[in-house]
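Q: Please take a close look at the empty space inside this model, beginning with its cavities. Describe what lines that space, and then how the elements around it pack.

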Amino acid sequence: MNSRPNPPGADPLVRVSHLRLDIPVRGEPRRVLHDVSFEVGAGVALGLVGESGSGKSMTTRVLMRLLPHGAATDGDVLFDGTPVTGMDRRALRRYRSSEVAMVYQDPRAAINPVYTVGAFLTEALREQKVSRKEAEERAVALLREVGITDAPRRMRQYPHQLSGGLLQRVMIASAMLTKPRLLIADEPTTALDVTTQEEVMAILDEQRRERGLALVFITHDLDLAAAVTDRIAVMYAGTVLETAASANLHETALHPYTVGLLASRPSTVDVKRLWAIPGRPVSAFEAGPGCVFTERCPFAQDRCRAERPALRTVDDHQVACHRAEELRGRITYEADGHADHQHDEQTESV
Amino acid sequence: MTLTLHSAVSRFSGRTLWRIRAIVRRLAGAVLTVVVATFAVYAALAAAPGDPALALAGRNPTPERIAQLHQELGLDRPLVVRYFDWLSGLPRGDLGQSIVYRNSSVADLLGPRFGTTVFLVVYAAVLILLLGLLLGVLGGAFRRLNGPMAALTSVALAIPGFVAAPILVSALALGLGWFPAVGAGSGFTDQLWHLTLPALALAIGWCAWLAQITRTSLRAEKASEHVGTATGRGLPPVTVFRRHVLRNAAIPISTVYGLTVAGLLAGAAVVEQAFGIDGLGTLMLRSVSAKDYNVVLAVASLIIIAFVVTTQLVDALHTVLDPRLRTKGGRK
């Protein structure tokens with residue numbers, strides 16, 4: 001696995017820096033993303049990991065520029081050096097149709113139920129003036145590649161006649177059809193049956209590696225992210241708290257939240273009571289002026305509450321924590337819910 | 001040999017038999033609806049006060065004269081018997097005689113009026129489709145127009161036909177003199193000219209209704225995830241709207257439109273009365289007050305049949321529009 005995202009000097013394929021996003025809720029702008037920064041090099045896979053509501057999906061919507069009306073962004077979102085937020089209609093359409101593709105969480109909702117699988121697959125190609133015959137041939141070939149054996153028959157079927165796993169393969173095939181450079185997968189296996197999750201994930205991973213696509217992979221499953229990505233960005237309350245190479249994130253996690261997340265994974269070896277980070281996740285708009293994790297952080301100090309830490313480089317990580325160096329290697333959570341470094345009342349009960 | 005024949009038959013019967021069964025079930029349901037509904041009309045009319053014999057007997061009728069008329073008209077028999085008598089005439093195309101217009105069959109009374117009313121209803125249906133869809137699509141497709149369209153259609157929806165009619169007459173007929181105020185006209189263009197105001201009066205509320213349904217269905221469909229997928233694939237907005245928003249919203253829109261058209265025949269009565277048009281509606285209103293059983297029942301049957309046929313057509317259209325309804329047993 002390549003732990004260096006991009007060769008020095010070269011521009012990454014995607015660069016998101018200090019992205020802020022406000023979305024109107026009942027007429028009032030609401031902060032959804034505070035400070036999101038990450039890079040994805042060509043052919044590199046980045047995992048965006050975080051709890052529900054941490055802003056992972058919204059980040060991908062910004063990448064696709066599929067935002068609700070009235071959304072306001074700030075900061076940079078660059079694709080191959082071009083700001084996505086500044087594209088005009090024509091450039092945006094070209095970008096969406098040939099540079100980036102997305103695999104959505106629930107294929108049943110993401111595919112129009114009134115058209116056949118074939119129509120769904122060929123639609124985008126037909127729009128690019130590819131002949132019907134060629135579009136269909138390419139679609140059938142791709143369906144076979146994603147492991148659908150009776151592809152010609154499936155082409156004539158409607159989405160409701162296919163199982164969720166099969167439909168997600170169709171979705172993956174459709175993402176590959178236009179030969180994009182960047183693939184975004186938003187929890188592509190969450191809506192599927194457990195037994196098909198693994199297969200679909202394997203196909204997605206295989207396809208992207210074969211084609212050398214860059215991948216932004218959204219999940220709340222740290223282990224899954226570590227298995228299929230090169231780097232992981234951990235998000236919390238609309239903020240990227242830490243990014244690191246997937247390979248050694250487990251051992252070298254610096255941010256108290258990352259360490260907490262790693263500690264709260266269920267273990268199949270050691271069946272103890274499941275540990276959870278105390279407190280409830282806060283939404284981006286609820287966060288105070290300080291670090292977004294202060295309320296739940298056992299190591300929070302006055303400075304953490306007053307001043308929001310910026311993402312900075314520590315070792316080979318990027319971390320947004322004032323005390324990163326000081327706490328390095330010293331954060332451990334015990335299974336009974338206490339942080340042993342600095343035990344205080346905040347972590348008393350789980 | 002028998003085995004192969006048997007399997008051939010069962011293979012044939014699987015789909016086809018299911019289809020035939022579905023069609024038979026539908027037809028039976030439709031016929032039953034017509035029978036139950038016409039009986040309800042008959043019973044309601046019988047329960048209403050008034051006696052058609054009184055009108056025929058002239059001044060100061062003797063009880064003997066009334067009884068004699070009852071016997072002549074068959075009104076002395078029980079309700080159910082009379083109803084089945086009427087019903088059994090239907091397959092032969094016998095709608096019976098009118099009580100008020102003696103010596104004229106119901107079919108003769110209906111004939112000329114039928115054309116006028118159908119013209120009016122079709123005219124209104126076309127207006128509803130064009131105007132309702134136009135206003136609805138404008139409001140649903142363009143965010144800026146959503147508010148104004150919502151306001152406009154709410155106002156139009158609140159205006160009943162019998163209020164719209166006199167307003168239209170005083171403004172466009174008496175005021176500007178563009179259209180005639182009364183009458184149905186003869187010949188296609190003359191009828192078109194004469195029936196414009198009545199059709200407008202009939203259509204206005206339903207137009208607003210269809211526009212509202214169209215607008216809200218389009219907006220709901222626009223917010224659905226698969227539209228996001230289509231946009232995210234870089235399809236031009238017009239294509240996204242046509243193929244993914246309008247096409248999917250066509251399902252609720254066609255339902256509402258079908259039901260609207262089905263109800264127009266009944267709504268025509270009020271408008272015909274207001275514009276002095278001698279159509280089925282006016283005939284029915286007159287016949288109801290005179291308790292002219294056979295005429296009321298004939299017109300009511302037409303309305304009911306129109307309703308049943310339209311709803312069946314809407315159902316059939318649904319299976320065309322929504323592939324999920326085509327598979328045996330619903331989903332999957």
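A: The largest cavity has a volume of about 120 Å³ (volume being the space filled by probe spheres set on grid points joined across faces, edges and corners). A cavity is a set of points, on a 1 Å grid over the protein atoms alone, where a 1.4 Å probe fits but cannot get out; a pocket is an open set with protein on both sides within 12 Å along at least five of seven lines, and lining residues have an atom within 4 Å of a point. The model is predicted: local features need pLDDT of at least 70 and side-chain atom pairs pLDDT 80 or more, while totals for chains, interfaces and linings use all residues. Residues are numbered from 1 along each chain as its sequence is written, chains are lettered from A and ligands numbered from 1 in the order written, and side-chain values use heavy atoms, without hydrogens or water.

Fourteen residues line the largest cavity, and those nearest its centre are Ala101(A), Met102(A), Ser174(A), Ala175(A) and Arg233(B). Two or more lining residues come from each of helix 2, strand 6 (100-103) and helix 7 of chain A, and from helix 9 of chain B; helices (H or I, at least four residues) and strands (E, at least two) are DSSP runs, numbered from the N terminus. By class, this lining has seven nonpolar, five polar and two charged residues (nonpolar: Ala, Val, Leu, Ile, Met, Phe, Trp, Tyr, Cys, Pro; charged: Asp, Glu, Lys, Arg; polar: the others, Gly among them).

Ala101(A) also serves as a reference point for Lys179(A): the two are 78 residues apart in sequence and 8.6 Å apart in space, C-alpha to C-alpha. Lys179(A) sits in the loop between helix 7 and strand 7 (182-186) of chain A. Lys179(A) is exposed because its relative accessibility is 60% (buried is under 20% relative accessible area, exposed over 50%, partly exposed in between, with a 1.4 Å probe and protein chains only). Beyond its neighbours within four places in sequence, Lys179(A) is in contact with Ser98(A) and Arg138(A) (contact: heavy atoms within 4.5 Å).

Helix 7 (164-177) of chain A also helps to cover helix 4 of chain A, as do helix 5 (132-145) and helix 6 (151-156) of chain A and, from chain B, helix 9 (225-232) and helix 10 (237-275). Helix 4 of chain A spans residues 117-127, and eight of its 11 residues are buried. Among the buried ones are Val117(A), Phe120(A), Leu121(A) and Glu123(A). Lys129(A) follows helix 4 of chain A and has a positive phi, near 65°.

In total, the structure holds six cavities of 30 Å³ or more. The second largest has about 80 Å³ of space. Its lining is made of 13 residues, with Pro256(A), Cys291(A), Cys297(A), Cys304(A) and Cys321(A) nearest the centre. That lining divides into nine nonpolar, three polar and one charged.

The largest pocket holds about 1,700 Å³ of space. It is lined by 37 residues, and Leu67(A), His69(A), Arg143(B), Lys222(B) and Thr231(B) are the closest to its centre. Elements giving two or more residues to this lining include helix 1 (56-64) and helix 2 (89-98) of chain A and helix 8 (188-222) of chain B. Helix 10 of chain B gives the most, with six residues. The pocket lining has 18 nonpolar, nine polar and 10 charged residues.

Helix 10 of chain B packs with helix 12 (residues 293-321) of chain B at an angle of about 170°, their axes 8 Å apart (axes are lines fitted to C-alpha atoms, for helices over the stretch in contact, and angles run from 0 to 180 degrees between N-to-C directions). The two helices are therefore roughly antiparallel (under 35 degrees is roughly parallel, over 145 roughly antiparallel, 65 to 115 roughly perpendicular, the rest oblique). Their contact includes Ile251(B), Ser254(B) and Gly258(B) of helix 10 of chain B, and Val314(B), Leu317(B) and His318(B) of helix 12 of chain B. It has 15 nonpolar, seven polar and one charged residues. Within helix 10 of chain B, Ser254(B) is buried, at 12% relative accessible area. Outside four places in sequence, Ser254(B) is in contact with Val314(B), Leu317(B), His318(B) and Leu321(B).

Helix 5 of chain B and helix 6 (residues 143-158) of chain B have axes that come within 6 Å and cross at roughly 135°, which means that they are oblique. Arg143(B) is one of the residues of helix 6 of chain B that make this contact, and Leu138(B) is one of those from helix 5 of chain B. Six nonpolar, two polar and one charged residues take part.
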